[in-house]
Amino acid sequence: MGEKKKAKAVIVGGSIAGVSCAHALISAGWDVVVLEKSSQPPKGSPTGAGLALDRQAFNIIDSWLPQPQLLQQTTLPLTIDQNQTADGEKKVSRILTRDEDFNFRAAHWADLHGLLYSALPAEVFLWGHSYLSFRTSEDKTSVTVEAKALQTEEIIEINGDLLVAADGCLSSIRKTFLPDLKLRYSGYCAWRGVLDFSGNENSETIMSIQRVYPDLGKCLYFDLNTGSHTVLYELLSKRLNWIWYVHQPEPEQKGNSVTMKVSSDMIENMYQEAEKAWGPELVRVMRETKEPFINIIYDCDPLERIFLDNVVLIGDAAHPTTPHGVRSTNMSILDAAVLGKCIERWGAENIPSALEEYQRIRLPVTSKQVLHSRRMGRIKQGLALPDRKPFDPKTASAEECEELQHKYMPFFAGAPLSVD
């Protein structure tokens, strides 16, 4: 008798959710193919920006990598979660909350993606392939995915036992079974950038930012102003990651992306607005950053289901979220790990049961985390909430500031990985 044929998953999307899922399913004994429209893997490019990994996601990634210490060496500690506001003439910061048991790690998106990608066999990836459609067999046991090779325009078909939608918050696979789902625009966008200061460690810009933010290298800093806030933390290799959340009408967006192209006029205007709102040290960091960009901030109300037959959603496709609870990447990694464990437990012949269990474990967690993240954003941006008046850091009591901290995120200490 020949060896039993391995089950195969088709993963659409080669970002962190997709490569994490490839690791989890390969660990479960499956074959995988990853479809990604980008023509090649990001080569340490400035794609994306900084992210923060919680301890649970960190340990899961560590288990997928060939050598211990790799992830530790590619990240910096974030042991402090600090919220502060500038008093008076933007000169002195007043600490609103400080949690010194934060225990996260800071990574650059491209560094983390590179680690995960390099630890997979190259042949599982189909770069430069755009997902077109899928169809499930009548008995719901197999799925055929149609994709286009962007260079040759050739249409190919790939058959598998499972289709994983890791195609982001604007997921086209999700649209096929939830056509009426609308994303919720938060009311604000985020200006983002990463300043590479290698070779300029002794510049006035860097010396002064380190003077004003003395715990850079281990602290996640939030500066709050009335109706606005910024984020600042350090990444490995002498890089500073900053974000500024700005209220504005929903931008007209062309194409399938939540990242917006910006003109030099828009950038100059942003600098001028920043000078009115923030201290000169932070504004200088913004000014010296090459190619800042805008993320349009969306989320959506939690879905009631995240699979249909043998098609399953993971990552931002399953739960578009605002970034305020530093959840997006962490949720994606846990989705992948739980999906892999459920598939392994139930076997390829019981995919519906495996997906039902995956949904039962993950949906209660991600639903609470998305809604809490939304709430954190609304508080920090001074927006209305039914149970509290708009937050103003200038006048807020210690009790009103308490909720700014990440430690109140549901499942902050860790989410279940199984049903037991």
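Two strands pair if DSSP finds at least two bridges between them. The exercises below use that rule on a predicted model.

**Exercise 1. Lay out the open sheet: which strands form it, and in what order?**

Solution.
- Step 1. List the strands. The open sheet is formed by 6 strands, in the order β8-β2-β1-β12-β20-β19.
- Step 2. State the pairing. It is mixed.
- Step 3. Find the edges. β8 (125–127) and β19 (307–308) each have a single partner strand, so one side of each has no neighbour in the sheet.
- Step 4. Check one pair inside the order. Strand β12 (residues 162–165) runs parallel to strand β20 (residues 311–313), with 3 bridges between them.
- Step 5. Place a residue. V164 stands opposite V312 in β20.

**Exercise 2. Describe the largest nonpolar core: which residues have the most contacts inside it?**

Solution.
- Step 1. Give the count. The largest nonpolar core has 77 residues.
- Step 2. Name the residues with the most contacts inside it. They are L25 and L162.
- Step 3. Find the top contributor. Helix α9 (residues 328–346) gives the most to this core: 8 residues.
- Step 4. Trace the contacts of L25, setting aside neighbours within four places in sequence. L25 meets A9, I11, W30, V32, L162, V164, G340 and I343.
- Step 5. Look beyond this core. Another core lies apart from it, with 30 residues, including W244, I267, A277 and V283.

**Exercise 3. Classify I26: buried, partly exposed or exposed?**

Solution.
- Step 1. Locate the residue. I26 sits in helix α1 (residues 16–27).
- Step 2. Recall the cut-offs. Buried means under 20% relative accessible area, and exposed means over 50%.
- Step 3. Apply them. I26 has 31% relative accessibility, so I26 counts as partly exposed.
- Step 4. List its contacts, not counting residues up to four places away in sequence. I26 touches V32, L120, P121 and V124.
- Step 5. Take one contact further. I26 and L120 are 94 residues apart in sequence, yet 9.1 Å apart in space, C-alpha to C-alpha.

**Exercise 4. Characterise the largest cavity: which residues line it?**

Solution.
- Step 1. Count first. The structure holds 1 cavity of 30 Å³ or more.
- Step 2. Give the volume. The largest cavity has about 50 Å³.
- Step 3. Read off the lining. It consists of C300, D301, P302, L303, A318, H319, P320, L363, T366, S367 and V370.
- Step 4. Sort by class. The lining has 7 nonpolar, 3 polar and 1 charged residues.

Note on methods. Residues numbered from 1 in each chain as written. Predicted model: local features only at pLDDT ≥ 70, side-chain atom pairs only at ≥ 80, totals over all residues. Heavy atoms only, no water. 1 Å grid on protein atoms, 1.4 Å probe; cavity = no way out; pocket = protein on both sides within 12 Å on 5 of 7 lines; lining within 4 Å. Points joined across faces, edges and corners; volume = space filled by probe spheres on them. Nonpolar A, V, L, I, M, F, W, Y, C, P; charged D, E, K, R; others polar. Core = buried A, V, L, I, M, F, W, Y, C linked by side-chain atoms within 4.5 Å. Buried < 20%, exposed > 50% of the residue type's maximum accessible area, 1.4 Å probe, protein only. Helix = DSSP H or I, 4+ residues; strand = E, 2+ residues; numbered from the N terminus. Contact = heavy atoms within 4.5 Å.
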